[in-house]
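Here is a short report on one protein model. Have the sequence and the 3D view open as you read.

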Amino acid sequence: MKSTLQSPIQYLKGIGPKRADKFSKLGINSIEDLLYYFPRRYEDRTNFVLIKGLKEGQVQTIKAEIIAGGQRNSWRRRSFSITEAFVKDDSARISCVWFNRPYLKNYLKPGVKLILHGKPELRQNGLQMNNPEFEIISDEDEPLSAGRIVPVYSLPEGFSQRYFRRLIKQSLDSHVSQIIDCLAYDIRQRNNLLNLAQSLLNIHFPVDLKIQKQAYERLAFEEFFLFQIPLVLRKFKRKEKKGIVHKVKGDLLDDFLAHMPFVLTKSQLKVVDEIKKDMSGQAAMQRLLQGDVGSGKTIVALIAAAVAWQGGYQTAFMVPTEILARQHFEKIGSLMKEAKAGLLVSSLDKKEKQKIHRALKEGQIDILIGTHALLEEDVQFKNLGLVVIDEQHKFGVGQRALLPQKGINPDCLIMTATPIPRTLAITIYGDLDISIIDELPPGRQPVKTMYFTKKQRLKAYELVEAELKQGSQAYIVYPVIEESFALDMDGAKEMYQQLSAGVFKEFKLGLIHGRLKQQEQDEIMFKFKNKELDALVSTTVLEVGIDNPNATCMVVEEAHRFGLSQLHQLRGRVGRGEKQSFCMLVSDAQGQEAMARIQAMVQYSDGFKIAEEDLKIRGPGEFFGSRQHGLTELKIGNPLVQMQLLKRSREEAIKLLEHDERLEQRQNLALKEKLLQRFPEYEKLVMVG
Ligand code: ADP
Ligand code: MG
C-alpha cells in the first residue's frame, strides 16, 4: 500500500519501532510531521571561509581536516575536561576546543574531515574556536550534503545530519504530489506566498537563500493563520452570545466618580469609556487591560465594579496573592463605602469561609475580592455580573476560564502589567478586546535604576540610608528566603539579621516572605504602610501590586536571578509617589543574558519597552510560558520578528471566517482538515452558539 502524508513514519524504509519512538520524542509521528520538522539553520557549502581568512568574533564556517586531537583536564578544576583538535585546510591551521564533552575524543581522530561552525576568539597563540558545532564529512560526494546550501537540524544523539537529510529528501520526493495546499489560491495570491509543495521543498533544500526566505515566510504565515482562526472564531462566537446589559448611568456611579481621591488620566478615561461601552452592550465583555505597573489599573476595575453594583450585580475580583487581595479589599472599603465588600483567601478558617459563602449566595456581598480561593466549588454567586482578574499572567488559562462560569455570561476584565505592543497583543490574545493605559498619573518621575557589583553594595546602602533619613521607606529584595551555600547566594532571613545589626541598625527593619503565616505577613505590611517600619527585607512576595507611595528605594540583591519582567514588576513597587525613586540592582553575574537583562533595566523604564526586550532575550515561547496555549507551539513563526505577517494572517482569518465560518466551501476543505488535526476542538467551537 502506498503511504500518505498521514501515514506513520514507520512506512519509511529503515524505520522500525525503536527509531519511531525516537522520532516521536521530536514530535514526529507522521510523514507530514517529518516534512514539518524544519532546519535549525543552513550552511552555505557552496562557499567556505578559509582558515587564514577567519575573522575574530564572527560566526563562520570552515571545512578542514584534523591533524591532531586530544583531551586534558583543566588545571583549575579537575572535573572539567577539555577536548582539543588541531585542524587545517589549504590555507592555515587553527585550534578548536570543546569543554566538558569528553566523548568527542572518540570522533576527533587525525585524518577526519569535518565542517566546523563557530566563532573564533583571540588567544595567546592566535585564533581559537570554542565549542564549534561540527559535522564529520564522509559524504563529500553526496549531493545533499556538499556543494550546496545544506540544512542543519536539531537532532538528538544517534541521529546523523546526513541520515536525516536523506530521509527528508526521500519523503519529499515520494509524497510531493500528494501535498494539497491548505491556503486557498486567493489568499496566497493576495499575500504573495509560495505554494505549499514549493515551500516544503525549499525550506529543506533551498536552491538559494532568497527562495528559502520565501518558503520560510509562507510557512510562518500558515502557522500564524492556523493559530488565528480558532481565536477569531471564538471572538465571533462570543459576540453572538447574549450577555448582561449593564446600566452605566446612575447615581451610585456618579457619586463614586465624584468622590475619587484624584483626577483620572486621559488614558484611564478612555479605557473607562471602552469598558462602559462593553458593559452596556449586548455581548459579554472580554477585555484585556494592559498598563504598566503603577499606571492605575485598579481604579479602572473599581469603576467597572461600581457599574455592576449599581445595577444590582455582583463582582468577583481575583488577584494572585493574599497581600494584594487584602490591599484591594481595604481600598474598596475606603472608596466604595456603601458597597458591601467581602474578602476570601485561603488562610481564613472554615467558619469564616462559610460565612462568606453564605453571604455571597444570598446577595449580601456586592464585591468579592480574593485569591484563587474564589475558584473553589462552594463559591456561588447570586448574580455574578462582572469578573475582574488582576495580574492575569500569574494565572493559568484554565484558572482564568473558571471564574466566569460561576455566572451566566458575566462581563470580564482581565488586567496585566506585562504589556506588549498592540499588534502583538491583538493577535496573541486574539479572542479578547484590548485596552491600553499608556501614561502614568501626573507627577511621577521615572525610577532611577543603577547597577552595582557586590563589592560596591555599600554605595547602594548609603543611598538607602540617605532616603530613610528623609522619612522615605525602602525595600531590600532577595531571591530566596534562606541563604544557599551551593549557589553562593544570600537569603532574606540571614541578611535581615545582618542588616538590622549592622548597616541599618539605626532603623527599623521588617522581614517578610512567603513562609510566614498570613497573619504575620499582614501585620508586617500594615506596619510598613503605617511607617512603623523603615525598610522591608523581603523575597518576591511583594512582586505584584503592593502599593506604598512613600517607599522610594529598592535594592534587588542577586538581580540576575530574576527575569526581566519580574525585575520590572519589582521596580514598580517604588516610584508610586511624587518623590524621585531609586532601584539598585546588585549582581556579580557575568552571563550575557543576565547582563542584557540588567542593562535593559538600567536603560528603560517603560514597561512596553521592557516587555519587548524580554521577548527578544527569551523568545516568545519562554516569554509567554506554557500557560499561553498555542504560542509555544509555534515552530517557525516568530511573532516579534514577523509582526506584519502575523497581522496579515489575522486579517485573512477574519475575512475567511466572515464568509465561511464552518469552512465548508471547496477551497477551504484542505484547511479544515489541517485545522482539525492541530485543534481537534475546532469542530466543537463551530457548533456552539
Ligand atoms: P497598577 O496599574 O500597577 O495596578 P495601581 O492601580 O496600583 O497601579 O495604581 C498605582 C498608584 O497610583 C496607586 O497609589 C493609585 O492610587 C494611584 N493612582 C491611580 N490613578 C491615579 C491618578 N489618575 N492620579 C493619581 N494617582 C493615581
Ligand atoms: Mg495592580
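## Strand β4 and its partners

In which sense do strands β3 and β4 pair, and over how many bridges? The pairing is antiparallel, and seven bridges hold the register between β3 (residues 81-88) and β4. This is a predicted model, and what follows is computed from it.

A hairpin of four residues links β3 to β4. At one bridge, Lys88 is matched with Arg93 of β4. Strand β4 also pairs with β7 (residues 126-130). Here the strands run parallel, with three bridges between them. One of the matched pairs is Cys96 with Met129 of β7.

How many residues of β4 are buried? Five of the seven residues in β4 (residues 93-99) are buried, so the strand is largely enclosed by the rest of the structure.

## Gln310 in helix α9

Gln310 belongs to helix α9, which covers residues 297-310. Is Gln310 buried or exposed? Its relative accessible area is 11%, under the 20% cut-off, so Gln310 counts as buried.

The side chain of Gln310 has polar atoms facing two backbone groups. The backbone oxygen of Lys247 is 3.1 Å from one polar side-chain atom of Gln310. The backbone nitrogen of Leu253 also has a polar atom of that side chain at 3.1 Å. Beyond its neighbours within four places in sequence, Gln310 contacts Lys247, Val248, Lys249, Gly250, Asp251, Leu252 and Leu253.

## Gln212 in helix α6

Gln212 sits in helix α6, residues 209-240. Gln212 is buried too, at 13% relative accessible area. Which residues does Gln212 touch, leaving out those up to four places away in sequence? They are Tyr42, Asn202, Ile203 and Pro206.

Now look at Ile149. Along the chain, Ile149 and Gln212 are 63 residues apart. Their C-alpha atoms are separated by 9.8 Å.

## Cysteines without disulfides

A disulfide is a covalent bond between the sulfur atoms of two cysteines. How many disulfides does a search of the whole structure find? The count is zero.

Take Cys553. Why is its sulfur not bonded to the closest cysteine sulfur? That closest sulfur belongs to Cys583 and lies 9.8 Å away, which is too far for a bond. The cut-off for a disulfide is 2.5 Å between the sulfur atoms. Cys553 is also buried, at 0% relative accessibility. Cys412 is another buried cysteine, at 3% relative accessibility.

Conventions. Residues numbered from 1 in each chain as written. Chains lettered and ligands numbered in written order. Predicted model: local features only at pLDDT ≥ 70, side-chain atom pairs only at ≥ 80, totals over all residues. Heavy atoms only, no water. Buried < 20%, exposed > 50% of the residue type's maximum accessible area, 1.4 Å probe, protein only. Helix = DSSP H or I, 4+ residues; strand = E, 2+ residues; numbered from the N terminus. Pairing = 2+ DSSP bridges. Polar contact = N/O pair within 3.5 Å; in protein donor to acceptor, adjacent residues only side chain to side chain. Contact = heavy atoms within 4.5 Å.
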